[in-house]
Amino acid sequence: MGGYAEAVRERVRVARAAVKEAREAADPYALAVAEDELDDALRLAAGVDVDPDGGPGNASPV
């Protein structure tokens with residue numbers, strides 16, 4: 001699952017960066033879109049047991 005887990009983590013990283021950019025730009029529409037994407041990415045990570053901030057592997061040693 002290493003490649004898939006890293007893709008999920010990358011999606012979270014990109015979404016977090018988009019949230020930060022939208023906040024800095026004070027763009028409420030872009031912020032809403034970015035926050036929705038971040039929510040989706042975090043939900044996906046939780047659903048497949050991937051720690052979005054972790055290193056290689058799964059969130060739990062199962």
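The paragraphs below lead through a predicted model of one protein chain, from its overall make-up to individual residues.

The protein chain contains 2 helices and 0 strands, and of its 62 residues 23% count as buried. Confidence in the prediction can be summarised by the mean pLDDT of the protein chain, which is 89, with 85% of the residues reaching 70 or more. Over residues 57-62, however, the pLDDT is below 50, although this stretch still has 9 contacts in the model beyond near neighbours in sequence. Where pLDDT is low, the predicted coordinates should not be read in detail. As for how the contacts of the protein chain are distributed along the sequence, 57% of those with a separation of 6 or more are accounted for by residues that lie 24 or more positions apart.

The two helices are the natural place to begin. The elements in question are α1, covering residues 2-25, and α2, covering residues 28-47, and each of them gives two or more residues to the largest nonpolar core. The axes of α1 and α2 come within 8 Å and cross at roughly 160°. Since angles over 145 degrees count as roughly antiparallel, α1 is therefore roughly antiparallel to α2. The handedness of the arrangement is also defined, for α1 passes α2 in a left-handed crossing.

The interface between the helices can be followed residue by residue. On the side of α1, the residues that meet α2 are Y4, V8, R11, V12, A15, R16, A18, V19, A22 and R23, and their counterparts in α2 are A30, L31, A34, E35, E37, L38, D40, A41, L42, L44 and A45. The largest nonpolar core consists of 8 residues, namely V12, A15, V19, A22, L31, A34, L38 and A41. One of these core residues, A41, is in contact with R11 and V12 once its neighbours within four places in sequence are left aside. A30, which lies in helix α2, is partly exposed because its relative accessibility is 28%, a value between the limits of 20% and 50%. The C-alpha atom of A30 is separated by 8.2 Å from that of A18, and these two residues are 12 apart along the chain.

Between α1 and α2 runs a loop, and A26 has its place there. With a relative accessibility of 64%, A26 counts as exposed, and its phi is near 55°, a positive value in a residue other than glycine. Most residues other than glycine have a negative phi, and this gives the backbone at such a position some interest. A second example is D49, which is not a glycine and yet has a positive phi of about 60°. D49 is found in the segment after α2, and it is partly exposed, with a relative accessible area of 30%.

The remaining residues to follow are in α1, and each is paired here with a partner far along the sequence. V8 is found in helix α1 and counts as buried because its relative accessibility is 3%, under the limit of 20%. Leaving aside neighbours within four places in sequence, V8 is in contact with L44, A45, V48 and V50, and of these L44 and A45 are among the α2 residues that meet α1. The C-alpha atoms of V8 and D51, which are 43 residues apart along the chain, are separated by 9.1 Å.

R9 also has its place in helix α1, and at 1% relative accessibility this arginine counts as buried. R9 and P52 are 43 residues apart in sequence, while their C-alpha atoms are 4.8 Å apart in space. R13, another residue that lies in helix α1, is partly exposed, with a relative accessibility of 38%. R13 and D53 are 40 residues apart in sequence and 8.7 Å apart in space, C-alpha to C-alpha.

Technical notes: Residues are numbered from 1 along each chain as its sequence is written. This is a predicted model: local features need pLDDT of at least 70, side-chain atom pairs count only at pLDDT 80 or more; totals for chains, interfaces and linings use all residues. Side-chain values use heavy atoms; hydrogens and water are left out. pLDDT is the predictor's confidence in each residue, from 0 to 100. Contact means heavy atoms within 4.5 Å. A nonpolar core is a set of buried Ala, Val, Leu, Ile, Met, Phe, Trp, Tyr and Cys residues joined through side-chain atoms within 4.5 Å. Buried means under 20% relative accessible area, exposed over 50%, partly exposed in between (1.4 Å probe, protein chains only). Helices (H or I, at least four residues) and strands (E, at least two) are DSSP runs, numbered from the N terminus. Axes are lines fitted to C-alpha atoms, for helices over the stretch in contact, and angles run from 0 to 180 degrees between N-to-C directions. Angles under 35 degrees count as roughly parallel, over 145 as roughly antiparallel, 65 to 115 as roughly perpendicular and the rest as oblique. A crossing is left-handed if the near helix is turned anticlockwise from the far one by less than a right angle, and right-handed if clockwise.
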